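Could you walk me through this model in my viewer, one selection at a time? I would like to know what to click on next and what I will find there.

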Amino acid sequence: MAYAPFDLKGKVALVTGGNRGIGLGMVEALAQAGADVVIWGSSAEHNAKAEAKLTTYGVRVLAQQVNVADEAAVVAAMAEAAVAMGRIDTVIANAGIGGGAPSFSEFGTEQYRRVLSVNLDGVFFTFREACKHMVERARGGDPGGSLIGIASLAAIEGAARNEAYAATKGAVISMMKSVAVEHARYGVRANAILPGWIATDMTAGAQESKAFAEKVIPRVPARRWGEPADFGGIAVYLASDASSYHSGDTFVIDGAYSIF
Ligand code: NAI
């Protein structure tokens, strides 16, 4: 028999912020590898567009309009997804927003709380509800599961004027490690991905900036912006049985930017 651990048929993957950008890049690969997929997004319009595209891969697709900062919404949507799809094997907490300030001294409290509510509360609620489902299933004799947090290079490099964002991304890594240790006994793994500079709506301003094109992108050894599709491989690996002993790790996907 051929070696086929990357075949995701029979597995269900849920990706928050899966309707565009990096999330959609991952969910497209997961669907093409055979997984049934659930996407959460804040925009019904983006959800519908992504759902139509994902359906062409011949897998079951569920799109839910969920604000990950809203605890009750996350609790309800995770339960609804588990019933609708029968099970959830992989949960990728990817939804996130940017939000800096002209300087740290001028960083508004409201902005700070807004970034924390999506990037940190959102990951906490998403992971917690995913763990409830996976632990219950493991206790019923069906262990396993994969949790993935999308952090950022901002977690490990100094991101000037982005203190709130950086703090949430560092926290995603710390939370992931706690979750990984606590849930290993249930066969549940947890890992984090740290993207570099990726061309999505989030970085639209930087993509249009002449200074950025002249000063930052030439410092990326891969000599290009990252694309959402660059995250397909790692998503499939972490959702698959190929990574069944790989937990508590961080994956930097940045075209070698951070080591140059
Ligand atoms: P994007 O702006 O293209 O997509 C963000 C996604 O998150 C969308 O699907 C949106 O619907 C969803 N979202 C935003 N707020 C939400 C909320 N409250 N509830 C539910 N969904 C919500 O952004 P991108 O670039 O694809 O970012 C994805 C993740 O990658 C984020 O966590 C971001 O911080 C991280 N990241 C991105 C980098 C980049 O260069 N683009 C670099 C490092 C990390």
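Here is a tour in five stops, from the sheet to the ligand, the aromatic rings and two backbone angles. Keep in mind throughout that this is a predicted model.

**Stop 1: strand 4 and its neighbours**

Begin by selecting residues 90-93, which make up strand 4. Show the side chains and look at the two faces in turn: T90 and I92 point to one side, V91 and A93 to the other, and all four are buried, so that both faces are covered. This fits a general pattern: in a regular strand, side chains alternate between the two faces of the sheet.

Now add strand 1, residues 12-16, which pairs with strand 4 in the parallel sense over three bridges. To find one of the links, select V15, whose bridge partner in strand 4 is I92. Next add strand 5, residues 145-150; strand 4 and strand 5 are also parallel, with four bridges between them. Here you can pick V91 and look for L147, its bridge partner in strand 5.

**Stop 2: the crossover**

Keep strands 4 and 5 on screen and select residues 109-139, which form helix 4. Strand 4, helix 4 and strand 5 together make a right-handed β-α-β unit.

**Stop 3: the ligand**

Select the ligand and display the residues around it. Which of these 28 residues come nearest? They are N19, I22, N94, Y165 and T200.

Three polar contacts can be checked with the distance tool:

- A polar backbone atom of N94 is 2.7 Å from an oxygen atom of the ligand.
- For G196, a polar backbone atom lies 3.3 Å from a ligand oxygen.
- In R20, an N or O atom of the side chain is 3.5 Å from an oxygen atom of the ligand.

Switch on a surface to see how the ligand is covered: taken alone it exposes 830 Å², and the protein buries 94% of that.

**Stop 4: aromatic pairs**

Five aromatic pairs turn up in a search of the whole structure. Start with F124 and F125: their ring centres are 5.9 Å apart and their planes meet at 70°, so this pair is edge-to-face. How do the two partners differ in exposure? F124 is partly exposed, with a relative accessibility of 40%, whereas F125 is buried at 10%.

Then move to W197 and F212, another edge-to-face pair, with 4.7 Å from centre to centre and 80° between the planes. W197 sits in the loop between strand 6 (188-195) and helix 6 (204-208), while F212 belongs to helix 7 (residues 210-215), so the pair ties together parts that are 15 residues apart in sequence. W197 is partly exposed, with a relative accessible area of 31%, and F212 counts as buried at 13%. Add W225 to the selection, and you have one aromatic cluster made of W197, F212 and W225.

**Stop 5: two positive phi angles**

Finish with the backbone. Select R223, in the loop between helix 7 and helix 8 (232-239). Its phi is near 60°, a positive value in a residue other than glycine. Is R223 buried or exposed? With a relative accessible area of 72%, R223 is exposed.

Last, go to A256, in the segment after strand 7 (250-253). A256 also is a residue other than glycine with a positive phi, near 75°. At 28% relative accessibility, A256 is partly exposed.

Conventions
Residues are numbered from 1 along each chain as its sequence is written. Side-chain values use heavy atoms; hydrogens and water are left out. Rings of Phe, Tyr and Trp (its six-membered ring) pair if their centres lie within 6.5 Å; planes under 30 degrees apart count as stacked, over 60 as edge-to-face and the rest as tilted. Buried means under 20% relative accessible area, exposed over 50%, partly exposed in between (1.4 Å probe, protein chains only). Two strands pair if DSSP finds at least two bridges between them. A crossover is right-handed if, with the strands pointing away from the viewer, the path from the first strand over the helix to the second runs clockwise. A residue is near a molecule or strand if one of its heavy atoms lies within 4 Å of it. A polar contact is a pair of N or O atoms within 3.5 Å; within protein, one must be able to donate a hydrogen and the other to accept it, and residues adjacent in sequence count only if both atoms are side-chain atoms. Accessible areas come from the Shrake-Rupley method with a 1.4 Å probe; for residues, only the protein chains shown count as cover.
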